[in-house]
Amino acid sequence: MKYIYLLLFSFFGFMAKAQNTGSVYGEIKDRNTEEPLIGATISTEDGSKATTADLDGKFSLQLPVGTYNIKASFIGYTEQLKFNVVVTSGNASSLSFDLEPAVETLQEVTVTKTKTRSALASDVLTPLSVQSLTTEEIRSNPGGNFDVSKVIQALPGVAGTTGSGGFRNDIILRGGGPNENVYYLDGIEIPILNHFTTQGSAGGPAGIINISFIEDIKLSTSAFNSQYDNTLSGIFEFKQREGNSEKLQGNVRLSASEFAATFDGPAGPKTTYLVSARRSYLSFLFTLLDLPIRPDYWDFQTKISHKLGEKTSLDILGIGAIDLFKFAVPKDASPENIYILRSNSYINQWNYTGGATLKHRINNGLISLSLSRNHFNNELERFEDNTIKDPETRNFYSTSNEIENKLRLNVKKYVNGFNLSYGAMMQQVNYDNNFFALIRPEVTDENGGIIQTEVNNTFDTDIGFLKYGLYAQGGKTFKNQISLSAGIRTDMNNFTNTGTNPLKTISPRVSASVPLGEKIRLNATWGSYYKLPIYTVLGYQSIEGEFVNKDNEYIHSIHYATGFEYLPRTDLRFTLEGFYKDYDNYPVSAFDNLSLANLGGGFGAIGNERTISGGEGRSYGIEFFMQQKLVKKQFVTFSYTFVRSMFGGIDTPLYPSAWDNRHLLSFIYGYKFGKNWELGAKYRFAGGSPYSPYDLEASQRNYLSIGTGIFDYTRLNSERLKAFNQLDLRIDKKWNYPNWTLDLFVDIQNLWGAKNQSIPNFTFKRNETNTDFATTDGLPLMQDGSNAIPLILNEASGQPTPSIGFIIEF
């Protein structure tokens, strides 16, 4: 036996010492026309290894395993440098370069500008309020747990829902609600970004996008290109990589909460594919931890790229998820566990987005036509006792479907240095919802007299309508390096009362970028933006069956922003920006005159009620961002945002919104040691979120029937949680063997065990044996809770959460 051990030890020792190589593949195109740049040079930053692009603009560069900065260059174009490209012997790394023309004509002499694009914002014409992340920054993000929704929270102006203790991924941009953002995957809109999403809000605890597909992420928080509709706060553009055109490759990942597998390769001489599946085993973990909830999810993703001709290509993509949220009786019937059991809903969700984009190059331009369909099915159910599904005690029920069929036409032209684009979109929408919510139960006294009459919200709706819009955008960088950009769009629909009037949603926007020296620029933007109210609002019906919210207007926001961008080196970038957003026509609940801008931080759905357009709001602040790309084995990002967010109802003052954190800070540091060891650390700080205290009398009377307390909105957001902070740490070690790579990682969230608050919960005190609720008179608990002992759960919680796992690439 000892000889077998000796043989195995020698074998693996030989492989570990082998001089393995890997490769980088991709394509180089003109940024404006997407024409392949034949013969462009791709090299390491020091020029020691290089290759050239073929007739299709594609390249493959063989390199020893390690980490590189890769440069692309072509005569008449600005060089582009991509940092922190990890080359392994397992998977080939995918890179794409979009080079900017950089030619000035001075009489008969052509002068080529050599300034390198690297740490620059990814949008040349509108660099203001634009940030980006590369694939390696996404993968190695400490505490990110391979979740795109968590990774992007490190960018300036971005906050998660800290009122949930940092558990959810509600993306808050510059003080706007989570439903004010839109998400695009290779130009196809994906309305659902998270598992267990809140309908009408888009937030949830875990993202559904597979980071193995993503090459980079671009975030715009203002200066929106008019191509994009229905956004008030932010646009996320996720760019997927191309599948390997030379061979089949894949990776499998096992972590503390999930298992995932990804494969890509050629499907013919003109076709590549990517496909992945992921499954969580949170239900198993929560059983071991004796938590009353049992969440499980699946997600799937695919991309197929096919070249139809020399100038025509077709991309097909799909992404979907299945989410199940159930309950079990915990062994420890603590007040916290009982509250979780009574206050949450059973969730059965599934969603998918499928789409195809046809691109055809024309003279100095590109035409793209996209067709897509997305479907979100959401079934929610809650009972007085969630361990027993008794229809007689059901206090909440909702079964709904949101379906959108979308057609988008975009035309881009590059004429005499001007970037011009125009296009149109049309969407066919179907929304249905069978809904019941017990707002107040009937409460009687001991003689049967009614103390409180039952109030519920019940309707069964089914609507279908069209949305359509037009846009135009243009921009140019002049010889003096001043860049100007302007756009206009209008959006309409045939459902709301004034939806067919194009003049109601005319939305101009303009941006400028002016050099103040070789390394510093002044940027400014102004824009007017519109968003249709969410479908849960539009589909609500009164008792008489009338769609009473057809009188709601498009929500409107005007953005003002200005700032400086300083680039002392190609690898270092500083930005300082101030912003102001002014809102009007925000939906307000007719029941309690509360702006919907304050909702969306929980599970389930928002907006299923009568609303009135007329709410106002504003958010403003200042952002600072520093990004040091990989230099001498280390990289750093730092961001700080001061933000105020305030919204009000009809004729009310503006109150701090649920997103009014005021202070947001993020710091990421990474270091690459020798022998493929890597260390990453991330620290996040957010000021305390506002919240409303409970109406104790109403909460005590209704808790048994609805499972939650009732907030006192006469004291709207008058309380504030303590500040949120968390330090995450990640350590990676890679072993490169011939044709495969092993990556072991340890990812520790909340390393120092910071205790963070969530919004307090209302419940009743348990008896000494913890077998039932305690009462003031020792008698069984009355249905109206009159002899209960109210208890506010307000303890901060938090502990280090390690995740140990591995990734095998082959």
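1. K675 sits in the loop that links β39 (662-672) to β40 (677-686). In this predicted model, its phi is near 55°, a positive value in a residue other than glycine. Most residues other than glycine have a negative phi. At a relative accessibility of 72%, above the 50% cut-off, K675 counts as exposed.

2. N750 also has a positive phi without being glycine; the value is near 60°. Its place is the loop between β44 (740-749) and β45. Is N750 buried or exposed? N750 has a relative accessible area of 5% and is therefore buried, the limit being under 20%.

3. A333 belongs to the loop running from β23 (312-327) to α5 (335-343). With a relative accessible area of 15%, A333 is buried. Which residues does A333 contact, leaving aside its neighbours within four places in sequence? They are I338, R766 and N770. By contrast, the C-alpha atoms of A333 and S245 are separated by 56 Å, the two residues being 88 apart along the chain.

4. The helix after that loop, α5, is mostly covered, with seven of its nine residues buried. These are P335, N337, I338, Y339, L341, R342 and S343. I338, one of the buried residues of α5, is also a contact of A333. The cover over the buried residues of α5 includes strands β23, β25 (365-383), β45 (761-764) and β46 (790-793), together with helix α7 (696-706). β45 thus appears twice in this note: as part of the cover of α5 and as the strand that ends the loop holding N750.

5. Strand β4 (residues 58-64) has two unlike faces: F59, L61 and L63 lie on the covered one, and K58, S60, Q62 and P64 on the uncovered one. In a regular strand the side chains alternate between the two faces of the sheet. Strand β1 (residues 21-30) runs antiparallel to β4 and is joined to it by seven bridges. Which residue of β4 is the bridge partner of G26? F59 is that partner, and F59 is on the covered face of β4.

6. An open sheet of five strands has the order β10-β17-β18-β13-β14, with mixed pairing. Its edges are β10 (130-134) and β14 (188-189); each has a single partner strand, so one side of each is left without a neighbour in the sheet. Within this sheet, β13 (residues 181-185) and β18 (residues 234-240) pair in the parallel sense over five bridges. N181 of β13 has G234 of β18 as its bridge partner.

7. For the protein chain as a whole, there are seven helices and 47 strands. The radius of gyration is 28 Å, close to the 28 Å that the globule rule gives for 810 residues, so the chain is as compact as a globular protein of that length. The C-alpha trace spans about 100 × 80 × 45 Å along its principal axes.

8. Buried residues account for 57% of the 810 in the protein chain. Of the contacts with a separation of 6 or more, 66% are between residues 24 or more positions apart. The accessible surface comes to about 33300 Å², and carbon and sulfur atoms supply 59% of that. The side chains include 75 positive and 84 negative ones, and the centres of these two sets lie 9 Å apart.

Definitions and conventions
Residues numbered from 1 in each chain as written. Predicted model: local features only at pLDDT ≥ 70, side-chain atom pairs only at ≥ 80, totals over all residues. Heavy atoms only, no water. Buried < 20%, exposed > 50% of the residue type's maximum accessible area, 1.4 Å probe, protein only. Helix = DSSP H or I, 4+ residues; strand = E, 2+ residues; numbered from the N terminus. Pairing = 2+ DSSP bridges. Rg over C-alpha atoms; globule rule 2.2 N^0.38 Å. Contact = heavy atoms within 4.5 Å. Areas by Shrake-Rupley, 256 points an atom, 1.4 Å probe, with all protein chains shown as cover. Lys, Arg positive; Asp, Glu negative; His and termini not counted. Charge placed at Lys NZ, Arg CZ, Asp CG, Glu CD.
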